[in-house]
There are 2 protein chains.
Amino acid sequence: MIDKTRLARIALGSVAEPGSKELFQAVQAHGPVEALDRIIRGTGSLGEGVLARLGNGDPWELAARRLEHADRTGMRIVTPEDPEWPPQLEDLKLISREGGDRIARDTFPPQCIWVRGPLTLLAAFERSVAIVGARASTPYGDHIAGDFAFTLAEQGWTVVSGGAFGIDAAAHRGALTAGGVTAAVLACGLDRAYPVAHTGLFDRIADDGLLISEWPPGSMAHKHRFLIRNRVIAALTRGTVMVEASARSGARQTLGRARLLGRRPMVVPGPVTSAMSVGCHEALRVDGFRLVASVAQVLEEVGPIGQLSIPASGPDRLHDALDDLERMLVDALPARGSATAAKLAQIAGVPLRAAAGRLPSLVTRGVLAESEEGYRLPR
Amino acid sequence: MIDKTRLARIALGSVAEPGSKELFQAVQAHGPVEALDRIIRGTGSLGEGVLARLGNGDPWELAARRLEHADRTGMRIVTPEDPEWPPQLEDLKLISREGGDRIARDTFPPQCIWVRGPLTLLAAFERSVAIVGARASTPYGDHIAGDFAFTLAEQGWTVVSGGAFGIDAAAHRGALTAGGVTAAVLACGLDRAYPVAHTGLFDRIADDGLLISEWPPGSMAHKHRFLIRNRVIAALTRGTVMVEASARSGARQTLGRARLLGRRPMVVPGPVTSAMSVGCHEALRVDGFRLVASVAQVLEEVGPIGQLSIPASGPDRLHDALDDLERMLVDALPARGSATAAKLAQIAGVPLRAAAGRLPSLVTRGVLAESEEGYRLPR
């Protein structure tokens, strides 16, 4: 039997633009199910717009079709009620600004997120850094974004970006090259991958990382949606690094969101002779964001992995915190004795580089022990 | 008859290292003449070092020889009693730090300055900006320093630097190319121009601008002298722009001095891939100096010329404020009618580009009027 709350979330995520303040308040007051019913009955200010989107359809049927479509196309839909929902998204309800435009006001958390990829949102974004910047990047910017992403991914950080041309793509590719985890947060349906030229890149990201969107399949990338989407990139990560930005770049808005959310906004400078560094230098001059010139300086901001505050934990808590990939690896362990990373990857049915990237963290957290023969359960 | 105070200043500037706190306090308490006498008699803590420098010589004779040597070699010696002494140097008595090393403590104003060049210190440094940076600069840094200096000089600002290889030289050359004024503040005697390869550059600077030093002829450039000298660059100018600096650059110390003095410290960023930008980025990250990416942004800091506070003035005050070059140009004017810039330069015996660079400012200040036939006295 399908959970009604879940269906309501999916319907709400389909019939209203993400971030809506009215929608969030209705759900907070009445819960998703009754909020949806009220909206359909035309109670409240959201009614008309939503009904226009819905046409004559029944939102419950729409949600059921969405679920079935997701299953069939290798996506899943994650809602705030799911254990893998990243709690840091809830901070988005704190930064809405009255009196601004819709983008400044409708900053609220998503109702649900469409996902492609083997990792849970919770685990993937726990230690994550965003790298964003110009679409029309220069070789300098591509080099920096790729290099920072490679090193961050190599050190176990998830590299988050928006899947666009230029800096975004360089960041995703850098993380992939390191065999690390990268996540693309899109501003369109996952079946409408934009830009189309990145279809192959998105498939690679979805293989080992995460391809996610607040918009249901079929949604097109519109300009204002990038600005709505940026709040999610800022909220999911511990900090956002801007590498190259023209004078009127949307990336700077992501840094502003990050600061409002208490995350770390960071800016990489460049030659003052480059138009693609104008936005970065303005952000440093005017906004006072933090200059970073190396990955080490990024890690100073977001905290090195060794210093993360891991919740005090007994064995159960430890295992509760595992994501899918980690659970598969732990389940692949023999009851007695050890197994190599390659053996574990084979038994778990995951790529070796994904396994090799995650095992050291499991050892650090005490879930596994390491011996000369490989990995084993701790005594 | 030669002024005894003047001779005492010259002697004091010859027998003790510039910036000395003890020397400054002795002069403040007793005046230059008695301070010198006391020092020779070995009263006070300065005695021994000074006597060692002086050998068996008589300081009054030494000073007279210095004056005569300066006259013979085309230098002049300027002391705080001279009208052209830049009053902003007096701020140097405010930034001494006890408990630091000698460089941090001995920050006091010079006793006198050796000068080559046709301009008064007062006029040349009234609207001045320093551009400093790495000796081992890259083409990027040379380009920026040259470009900034060209534009600043073109707009009537004196470009000040230290005469070193790299950024310093690029700044001086940029100002010269614009036909503007540049001043080199050396850390050695003006006859010991360091580096030797810059002998030709220093001659060009002295032709139309200023070559100055606190050290008497014969003094060698020692490493610690560059750090002592930096305080004068910071104090003379309204702001100091650092263009390229390695991790351990002396230029950063100049910015620190500028900030202590209430001047504007500014930093030009560069590619984070360049070792020559490491010092700049550290200065922005750690010291919090102001990032500047263009000359317009430099002028925002130091104030555009149009907004300078010019003292309220009747005709006498106007003419009192003229420097040598300006007075020569004004004196060259016919009593009736007008003269072209070329004619004025010829009569005054100054380079045409120097004249052409200064005449508009004289018009702005109301000293001259401009007509179709050229320049004339205002009615």
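Helices (H or I, at least four residues) and strands (E, at least two) are taken here as DSSP runs, numbered from the N terminus. Contact means heavy atoms within 4.5 Å. Axes are lines fitted to C-alpha atoms, for helices over the stretch in contact, and angles run from 0 to 180 degrees between N-to-C directions.

The model is predicted: local features need pLDDT of at least 70, side-chain atom pairs count only at pLDDT 80 or more, and totals for chains, interfaces and linings use all residues. Residues are numbered from 1 along each chain as its sequence is written, chains are lettered from A and ligands numbered from 1 in the order in which they are written, and side-chain values use heavy atoms, with hydrogens and water left out.

**Stop 1: the sheet of chain A**

Select the strands of chain A. Nine of them make an open sheet with mixed pairing, in the order β1-β2-β6-β5-β4-β3-β7-β8-β9; two strands count as paired if DSSP finds at least two bridges between them. At the edges are β1 (76-78) and β9 (290-291) of chain A, each of which pairs on one side only.

Go to the β9 edge. Strand β8 (residues 264-268) of chain A runs parallel to β9(A), with two bridges between them. Show Met266(A) and the residue opposite, which is Arg290(A) in β9(A).

Now add residues 223-236 of chain A, which form helix α10. Which strands does helix α10 of chain A lie across? They are β3 (128-133), β4 (158-161), β5 (182-186), β6 (210-213) and β7 (239-243) of chain A, and the helix runs at about 150° to β5(A).

**Stop 2: two backbone details in chain A**

Most residues other than glycine have a negative phi, and most peptide bonds are trans. Select Tyr194(A) and Pro195(A): the peptide bond from the former to the latter is cis, with omega near 0°. Pro195(A) sits in the loop between β5 and α9 (199-208) of chain A. Then select Glu244(A), a residue other than glycine with a positive phi, near 65°. Glu244(A) belongs to the loop between β7 and α11 (251-260) of chain A.

**Stop 3: domains 2 and 3 of chain A**

Colour chain A by domain: domain 1 (4-105), domain 2 (113-306) and domain 3 (315-376), with bounds from an automatic or database domain assignment. The C-alpha centres of domain 2 and domain 3 of chain A are 29 Å apart. Nine residues from domain 2 of chain A and eight residues from domain 3 of chain A take part in the contact.

Between domain 2 and domain 3 of chain A about 780 Å² is buried, with 50% from carbon and sulfur atoms. Buried area is the accessible area (1.4 Å probe) that two parts lose on being put together, summed over both. How many salt bridges are there between domain 2 and domain 3 of chain A? The count is zero, where a salt bridge is a side-chain nitrogen of Lys or Arg within 4 Å of a carboxyl oxygen of Asp or Glu. The count of residue pairs in polar contact (both at pLDDT 80 or more) between these two domains is also zero. A polar contact is a pair of N or O atoms within 3.5 Å; within protein, one must be able to donate a hydrogen and the other to accept it, and residues adjacent in sequence count only if both atoms are side-chain atoms.

**Stop 4: the sheet of chain B**

Move to the strands of chain B. They form an open sheet of nine strands with mixed pairing, ordered β1-β2-β6-β5-β4-β3-β7-β8-β9. β1 (76-78) and β9 (290-291) of chain B are at the edges with a single partner strand each, so one side of each has no neighbour in the sheet.

Inside the sheet, β5 (residues 182-186) and β6 (residues 210-213) of chain B run parallel and are joined by four bridges. Ala183(B) has Leu210(B) as its bridge partner in β6(B). Helix α8 (residues 167-177) of chain B packs on the sheet, touching β3 (128-133), β4 (158-161), β5 and β7 (239-243) of chain B, at about 145° to β3(B).

Select Tyr194(B) and Pro195(B) next: their peptide bond is cis, with omega near -5°.

**Stop 5: the interface of chains A and B**

Show both chains. The contact takes 19 residues from chain B and 19 residues from chain A. The buried area is about 1,500 Å², of which carbon and sulfur atoms give 60%. Label Val272(B), Arg285(B) and Leu291(B), which lose the most area to chain A in chain B, together 45% of what that side buries.

Two salt bridges are counted between the chains. The side chains of Glu300(B) and Arg285(A) meet in a salt bridge (3.3 Å, N to O). There are 11 residue pairs in polar contact across the interface of chain B and chain A (both at pLDDT 80 or more). Finish on α12(B), which gives the largest share of the side of chain B that touches chain A, four residues.
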